[in-house]
Each structure stands twice: as structure tokens, then as C-alpha cells.
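I sat down with this structure and went through it piece by piece. These are my notes, in the order I looked things up.

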Amino acid sequence: MSLAAIHARMNRILDRICSGEGIRPTELPGLRTVRCHKNIPRSSVLYEPSMVIITSGSKRGYVGSRSFLYDTENYLVLAAPLPFECETFCEPHAPMRGVSILLDMAVLADLVLKLPPAPVLSGTQPRTIDATPLPEALAEATLRLLEAYESPNDRMILGPQIMREITYRVLTGPRGQVLRDLLAMQGNISQVYRAMHRIHTEYHQPLDIPTLACDAGMSLSAFHHHFKNMTSTSPLQYLKTTRLHKARLMMIQEGIGPSAAATRVGYESPSQFSREFKRLFGVSPAEEALRLRSNLGTQAQHPLRVAMI
């Protein structure tokens, strides 16, 4: 079956199981649907470690001076929580659609133990986020996952097995090395990953860059160097961006105000929060919350559990 035919079948299923905008969780843990009905200009986003397969339309991501396209012919792999910029393009008279599958480290570890060691590519550092051509086998597995999802029994029994297969396909593909490196927890890449993970989970706690560098076992200058090589941003900017994205999600998902969101993500000064928020997103926190609710077709009194695309 051609990729076009596979995508057409996936789109028909996605139209049946997902009607809302954004990245939405499903009844199968780890599987999310992606949908957008209009073009979205370049803006800041934050994804969890995942694989994203687009079935119609396209998205272009930007990390520093580098850009990458993920569309019906290229899938995205994000090996660590990383803020980046993204723009979304819909096809004429059709939404942008796709699926996001969260990386399950337990499944990944089990697969790595069963596979022979991969050859080490000297002189290269795998990119934390990148797009790569979509093989037919991976597209077919994703189609089978969506077909299984429509049956409650198949979803429960076959769903996790097919998601394991999808992880295997990615692990044995061009983006597999970065997953192996992160899982191995050795070298500079894993030390930076630990710091990124701590920022992502403890963003509401007092965090400072010298402490993060010390915890990573690096000098401050080495930490800055390796962190920027991996993320194309400084540790301090990564911390600020992560906090601002978390606050943005809280405002749309929970309907809380800017001051409450600022406090919950670790800001002591609401005015500083507003300044840095506007610098990143181009509008004030209140304006952004209204815009997102409008884009997602929801009202403040009905907070929606949905991630930003």
C-alpha cells in the first residue's frame, strides 16, 4: 500500500475519533491525536519526548538557525522535552492531522537490551529533535494502531503491542542512536538530558544554573557549552522558556489567571513574568490565554485538557 493510501485511511479514522483542536490525549495511554483547522504562524511550542507522524498538512520546526519539516513523508522524533518554534500548514479544504506517541522509557530499555549494539558513529552528536523520512513499515504500524483503537478490546490488547512495534521501528531507524544515547545515561549528552529533565519536572522549584552544572558534574562553562550544543539555547533561557510554556498551558487548561500561573511556575514577580511572557509569545499572558481559547473553540469556564500544537 502506498503512503498516500495509508494516510488516507488514517485520516478517515482520525476524523471519527478526534473532533477537537490541538494535541489531545486518547483512551490509549501514550497515544495522542493532532489536529488543526487553520494555518498557524511561527510560534513557540514545547513538546514532551515523543514521535509525531503527520497524516495531512505539514509543520516546520525551528531550533536556533536550523529548521526541519515534518509532514506526510517525514516523521519527527523528540528525544527530550525541548522548547522550539513551529509553524503549521493545512491542506486546502482539509485540516492538519496526525498522531503523537509518547516515548515509553521502559519499553525503550527492554528493546535495547534485546537488540545487538548499534555501531558508534564517531565525531557526531545526535540531534535531540529532528525529522527523518517516514518508512512504509512505520506508517503501516501506525495505521494498524489507529484501526485497533476503534475496537475497545483491540485497543486494550493490541494497542500497547503495536506501540511497542512503533518504538522498535524508530529505534532501529536513523533516529535510533539518540534514543540509545539518552537511555545509556553516559557522556555529555546524558548529563545535559538529566538537567533538562530536572528543569522540566521541577520548574516550580528554585533552580539556578550553577547548581544544575554541579549536579551534571560539569564546570559552569562546560555545562553552558554542551547544553547549547544539544538544545541551541542557554540553560537559563531553557529554564525561562519551560516555565513560561507551563504557565501558558495552565492558563488555557485550568482557566487560572496570569498571577496565579506565574506563582505556580516559580516566578516571584508577576510583572517580570508578564515582561518575559510577552517577549517570548509577543502578547501579554491575558491576551494569549484569550487567543488560545478562541483558536481551540473553548471558553474560560470550560477548561480543556489539551496540549498546544
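Which residues of the largest nonpolar core touch the most other members? I keep in mind that this is a predicted model. The core has 36 residues, and the ones touching the most other members are Tyr47, Phe68, Tyr70, Phe84, Ile129, Met196 and Phe223. I then asked which element gives the most to this core. That is helix α6, residues 187-201, with five residues. There is also a second, separate core of 32 residues; Ile13, Ala79, Leu134 and Ala148 are among its members. The general background fits here: in soluble globular proteins, nonpolar side chains tend to be buried together.

**Entry: Ile129**

I picked Ile129 and listed its contacts, leaving out residues up to four places away in sequence. Ile129 touches Val63, Phe68, Leu76, Val77, Leu78, Leu82 and Phe84, and also two arginines, Arg66 and Arg175.

**Entry: aromatic rings**

Searching the whole structure for aromatic pairs, I got eight. I looked closely at Tyr47 and Phe84, which sit edge-to-face, with 5.0 Å from centre to centre and 85° between the planes. Why does this pair tie together separate parts of the sequence? Tyr47 belongs to strand β3 (residues 40-47) and Phe84 to strand β8 (residues 82-89), so the pair links parts that are 37 residues apart in sequence. Buried or exposed, I asked of Tyr47 and Phe84? Both are buried. Tyr47 and Phe84 also belong to one aromatic cluster together with Phe68 and Tyr70.

Next I checked for charges over rings. Arg42 lies over the face of Tyr62, 3.7 Å from the ring centre. Arg155 does this with Tyr149, at 4.3 Å from the ring centre.

**Entry: the four-stranded sheet**

I traced an open sheet of four strands in the order β3-β8-β5-β6, with antiparallel pairing. Strands β3 and β6 (66-70) are at the edges with a single partner strand each, so one side of each has no neighbour in the sheet. On average, neighbouring strands here are turned by 30° against each other, direction ignored. Inside the sheet, β5 (residues 58-63) runs antiparallel to β8 and is joined to it by five bridges. I looked up Gly61 and found its bridge partner in β8 to be Cys86.

**Entry: the six-stranded sheet**

What is the strand order in the open sheet of six strands? I read β1-β2-β9-β4-β7-β10, with antiparallel pairing. The edge strands, β1 (22-25) and β10 (129-133), each pair on one side only. From one strand to the next, the twist averages 25°.

I spent some time on β4. Strand β4 (residues 50-56) and strand β7 (residues 74-78) run antiparallel and are joined by three bridges. Ser50 has Leu78 of β7 as its bridge partner, and Met51 stands opposite Val77 in β7. With β9, β4 pairs in the antiparallel sense over six bridges. There, Ile53 has Val99 as its bridge partner. How many of the residues of β4 are buried? I count seven of the seven, so β4 is largely enclosed by the rest of the structure.

Then I looked at the helices against this sheet. Helix α1 (residues 3-17) lies across β2 (31-36), β4 and β9 (96-102), and it runs at about 100° to β4. Helix α4 (residues 152-171) packs on the sheet too, touching β2, β4, β7 and β9, and its direction makes about 100° with that of β4.

**Entry: His93**

I went to the loop between β8 and β9, where His93 is found. The phi of His93 is near 65°, a positive value in a residue other than glycine. I noted it because most residues other than glycine have a negative phi. His93 is exposed, with a relative accessible area of 87%.

**Entry: overall tally**

To finish, I pulled the totals. The protein's secondary structure comes to twelve helices and ten strands. Of its 309 residues, 50% count as buried. I also looked at contacts between residues at least 6 apart in sequence, and 74% of them join residues at least 24 apart.

Definitions and conventions. Residues numbered from 1 in each chain as written. Predicted model: local features only at pLDDT ≥ 70, side-chain atom pairs only at ≥ 80, totals over all residues. Heavy atoms only, no water. Core = buried A, V, L, I, M, F, W, Y, C linked by side-chain atoms within 4.5 Å. Buried < 20%, exposed > 50% of the residue type's maximum accessible area, 1.4 Å probe, protein only. Helix = DSSP H or I, 4+ residues; strand = E, 2+ residues; numbered from the N terminus. Contact = heavy atoms within 4.5 Å. Phe/Tyr/Trp six-rings, centres within 6.5 Å; stacked < 30°, edge-to-face > 60°. Lys NZ or Arg CZ within 6 Å of the ring centre and 35° of its normal. Pairing = 2+ DSSP bridges. Axes fitted to C-alpha atoms, helices over the stretch in contact; angles between N-to-C directions.
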